[in-house]
Amino acid sequence: MSISKENVLKALSRVEDPDLKKDLVTLGMIQGIEIEGNLIKFKVVLTTPACPLKEVIKNNCVEALHEDFGTDVELDIYMTSNVTTARNEAPLLPKVKNIIAIASGKGGVGKSTTSSNLAVALANTGAKVGLIDADISGPSIPTMFNVESEQPMVKQVDGKNVIMPIEQYGVKLMSIGFLTPAESAVVWRGPMASSALKQFIGDVEWGELDYLLIDLPPGTSDIHLTMVQTVPVTGAVIVTTPQKVALADATKGLTMFRQAQINVPVLGVVENMAYFSPEELPENKYYLFGKEGGKKLAEKYQVPFLGEIPIVQSIRESGDTGYPAVLKEGITEKAFNQLAENVAQQVAIRNAEKNKTEVVQVKI
């Protein structure tokens, strides 16, 4: 077969994206084809830089081209990405492609730890990431990012005061902890907390982001309703631990997003504190809080299971020192990187398969 652009596209039309179940040509993922004698050059534009199937897709392209043009053909395949979105022409945060809520239903399950490490893991893949600490009464993100003493700058844009987020480890951050003394309690009623979240969303210069994570407080309260009524949320990630009491509350968090009047897609469940592995015995797993509770919850509600995060000393140390565990080599790095890949994967699938996200109208 002669080497031409048409024949190259014909060969690559047999290569399917394993997640989206369509071929790369139909999806518009093959771009910039150049042919120079025996050399074929092109770009494969993936739906996220955190794509876990990058090498699989590349190898399938090579196999298809070798099948049609022989193994002597030279290939220059550039793997790149353009994060997808279902938030076209959004009036608020127009440059933010995906807004992801991180919820639990229960406190103490490591939701902020999971949010922090997920944000850094996504940023490490090359994605543009922001993180809002929406737990107004118990902000912990400044501590986890070692920016407790930082204060955001304010600048004027078109006569309006705009807050500049703090940036650390490649993640843009906003928290009430930057605006109040660390030792002072924030004793606010629901409307005041909701107003603060609206400011974090609308009065902060987030710029262009692939993912904006919102670390929600425990429960199903004013903050959650304010979020879904203010911005169209791409999807929610539910954090739980394996034991029954945590699962009961995580179930409420999950079903809240599924209520007809809210209808936010659940991207999946992540099981935190899934098992303990001592540093000196890394192959050993001790299931302190039960086993596979999060996985069973995901199966019950037919949502993806995003992964298990172990409970190990290094995660606690990382939270205290403000240097996220995902930046250190070991089982926690692998676990959080896998979580980031799975979340990015589910966002891409959600954007391809489900309707455009809308702001929720809740009548109370």
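This is a short tutorial dialogue on reading a predicted model of a protein chain.

User: What should I know before I start?

Analyst: This model is predicted: local features need pLDDT of at least 70, side-chain atom pairs count only at pLDDT 80 or more, and totals for chains, interfaces and linings use all residues. Residues are numbered from 1 along each chain as its sequence is written, and side-chain values use heavy atoms, with hydrogens and water left out.

User: How many helices and strands does the protein chain have?

Analyst: Helices (H or I, at least four residues) and strands (E, at least two) are DSSP runs, numbered from the N terminus. Here the protein chain has ten helices and 15 strands.

User: Why is the radius of gyration worth reading?

Analyst: It is taken over C-alpha atoms, and the globule rule is 2.2 Å times the number of residues to the power 0.38. For 364 residues, a compact globule would come near 21 Å; the protein chain has 22 Å, so the two agree. The C-alpha trace spans about 75 × 60 × 40 Å along its principal axes.

User: How do strands make a sheet?

Analyst: Strands of a sheet pair through backbone hydrogen bonds, either parallel or antiparallel. Two strands count as paired if DSSP finds at least two bridges between them. In this model, eight strands form an open sheet with mixed pairing. Their order is β10-β11-β7-β12-β6-β13-β14-β15.

User: Which are the edge strands?

Analyst: They are β10 (166-168) and β15 (305-308), and each pairs on one side only. From one strand to the next, the twist averages 25 degrees. Axes are lines fitted to C-alpha atoms, for helices over the stretch in contact; angles run from 0 to 180 degrees between N-to-C directions.

User: Which helix packs on the sheet?

Analyst: Helix α10 (residues 331-353) does. Contact means heavy atoms within 4.5 Å. Helix α10 touches β6 (99-103), β12 (211-215), β13 (235-240), β14 (266-271) and β15. Its direction makes about 175 degrees with that of β15.

User: Can we look at one strand pair?

Analyst: Take β10 and β11 (residues 171-175). They pair in the antiparallel sense over three bridges. I166 has L173 in β11 as its bridge partner.

User: What about the hairpin of β8 and β9?

Analyst: Strands β8 (residues 154-157) and β9 (residues 160-163) pair in the antiparallel sense over four bridges. K155 has V162 as its bridge partner, and Q156 has N161. Two residues lie between the strands, and D158 takes a positive phi near 55 degrees.

User: What does the UniProt "binding site" annotation cover?

Analyst: UniProt positions use the numbering here, feature names are shortened, and annotations may be inferred rather than shown by experiment. The unreviewed UniProt entry gives G105, K106, G107, G108, V109, G110, K111 and S112.

User: Is S112 buried or exposed?

Analyst: Buried means under 20% relative accessible area, exposed over 50%, partly exposed in between (1.4 Å probe, protein chains only). S112 has a relative accessible area of 10%, so S112 is buried. S112 lies in helix α3. Leaving aside neighbours within four places in sequence, S112 is in contact with S140, I141, M144 and D215.

User: Where is G110 found?

Analyst: G110 sits in the loop between β6 and α3 (111-124). G110 is buried because its relative accessible area is 18%. Not counting residues up to four places away in sequence, G110 touches N272 and M273.
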